[in-house]
Amino acid sequence: MAARNPKTNMPPPSVQDEAKDSIDPTSSSTGAEADTSPSSNHDSHTHEDNQHSQTQTGQPSATTIPASHSDTDVIDIELPSIEQPFVFEHIKCWTTPPNPSRKKSPRTILSDVSGFVKPKEMLAVMGPSGCGKTTLLNVLSQKLSSSVTSGVMSIGGRRLSKHDRRAMGFVFQDDLMLSNLTVQETIRLSAELKLPVSMPSAVKAERVASLLDVLNLQKVAKSKIGSIGVRGISGGERKRTAIANELVTAPSILFLDEPTSGLDSTTALSVVEALRILCNKGMTIICCIHQPRENIFDMFDRLLLLVD
């Protein structure tokens, strides 16, 4: 990652205005340039020279799809996109609800985290083990109780609603799938469970077929998932299948908890390439990632660095 030297920025007091009016966030709350070393709990970085950076008009610049996935980019599938930046400000999280009557204060997991991600962008959340990366994803996706969290999350200045929550997808680090089902059956089962009963079966089958094409799973569509001791698909194919399970509802924002964990460099690259294609089609992606290679790191548009 030393080859890129991304610019270091601190979120301003009002990230909303910055996300709307400028491509790059201001340097700090006082407008001064931040130091290269972290000076607070959390630093936010933006790739100025990233090959997927935004143009000055706010629209994504032309992106070259890797050769291994160039044929999938022409698949006619449209994913919903948020029209305004997704902004989170002063996010805090504790192990237990704060209670002044208790002698021992609850342990703080997250302290004053702020940042934003624009439509069709990929935000990488990085940091050492135990710094709260997964907890941050759980807070942003509203999976934790409001009694142990605080902060403001909004889209275009409007606070998140239940409708926005239903438009989010979450891919967990551990893949929980039935080993005796094929890839196609697994995605179809997810579609049957998550999509409305009133939706015609033909529409559901068409959506499953489109996801198989976009995520490059056609060759293993009839292969079983497998498990320990039972031969099945590879680790990268399992991860892409888990992503497809969340995409059946066509979320506008997708959260992923370490999608490359446990994968070799080539397989990890194929997974991130698939995520890049989803971004190009309208999706906004936020994921925590651990020790990515330079070619994987360069695919992200923004970086949120968490420190102890």
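Helices here are DSSP runs of H or I with at least four residues, numbered from the N terminus. The model described is a predicted one. By that definition, K239 lies in helix α6, which spans residues 235-247.

K239 has a relative accessible area of 3%. Buried means under 20%, so K239 is buried. Its contacts, leaving out residues up to four places away in sequence, are F172, Q173, D175, E258, P259 and V271.

Helix α6 also supplies at least two residues to the largest nonpolar core. This core has 44 residues. Among them, I187, I243, L278 and I285 touch the most other members. Several other elements each supply at least two residues as well. The helices among them include α4 (183-194), α5 (201-214), α7 (265-280) and α8 (294-297). The strands are β5 (122-126), β9 (253-257) and β10 (284-288). The largest share, nine residues, comes from α7. Apart from this core lies another, of 26 residues. L110, L123, C131 and I155 are among its members.

The contacts of I187 were then examined. Residues up to four places away in sequence are again not counted. I187 touches V208, L211, L212 and L217. I187 also touches T241, A244, N245 and V248.

Helix α4 has twelve residues. Its first and last C-alpha atoms are 17 Å apart, close to the 16 Å expected at 1.5 Å a residue. Which residues of α4 are buried? They are V183, T186, I187, S190 and A191. These residues cover an arc of only 135 degrees around the axis, so they sit on the same side of α4. An α-helix has 3.6 residues a turn, so residues three or four places apart point the same way. The cover over the buried residues of α4 includes α5 and α6.

Helix α7 has 16 residues, and 13 of them are buried. This helix is thus mostly covered. At 1.5 Å a residue, α7 should span 22 Å. The end C-alpha atoms are 23 Å apart, which agrees. At the start of α7, a side-chain oxygen of D264 comes within 3.1 Å of the backbone nitrogen of T266. Just after α7, G282 has a positive phi of about 125 degrees.

Aromatic rings were considered next. A pair of aromatic rings is described by the distance of the centres and the angle of the planes. The count comes to three aromatic pairs. The ring centres of F86 and F88 are 6.1 Å apart. Their planes meet at 45 degrees, so the pair is tilted. Both F86 and F88 are buried.

How are the rings of F170 and F255 arranged, stacked or tilted? Their centres are 6.4 Å apart, with the planes at 25 degrees. Planes under 30 degrees apart count as stacked, so this pair is stacked. The pair links distant parts of the chain. F170 is in strand β8 (residues 168-171), whereas F255 is in strand β9, and 85 residues separate them. F170 is buried, at 5% relative accessibility. F255 is buried too, with a relative accessible area of 0%. F170, F172 and F255 form one aromatic cluster. F172 is also among the residues that K239 touches.

Key. Residues are numbered from 1 along each chain as its sequence is written. This is a predicted model: local features need pLDDT of at least 70, side-chain atom pairs count only at pLDDT 80 or more; totals for chains, interfaces and linings use all residues. Side-chain values use heavy atoms; hydrogens and water are left out. A nonpolar core is a set of buried Ala, Val, Leu, Ile, Met, Phe, Trp, Tyr and Cys residues joined through side-chain atoms within 4.5 Å. Buried means under 20% relative accessible area, exposed over 50%, partly exposed in between (1.4 Å probe, protein chains only). Contact means heavy atoms within 4.5 Å. Rings of Phe, Tyr and Trp (its six-membered ring) pair if their centres lie within 6.5 Å; planes under 30 degrees apart count as stacked, over 60 as edge-to-face and the rest as tilted. The expected span of a helix is 1.5 Å times one less than its number of residues. A polar contact is a pair of N or O atoms within 3.5 Å; within protein, one must be able to donate a hydrogen and the other to accept it, and residues adjacent in sequence count only if both atoms are side-chain atoms. The arc is that of the directions from the helix axis to the C-beta atoms.
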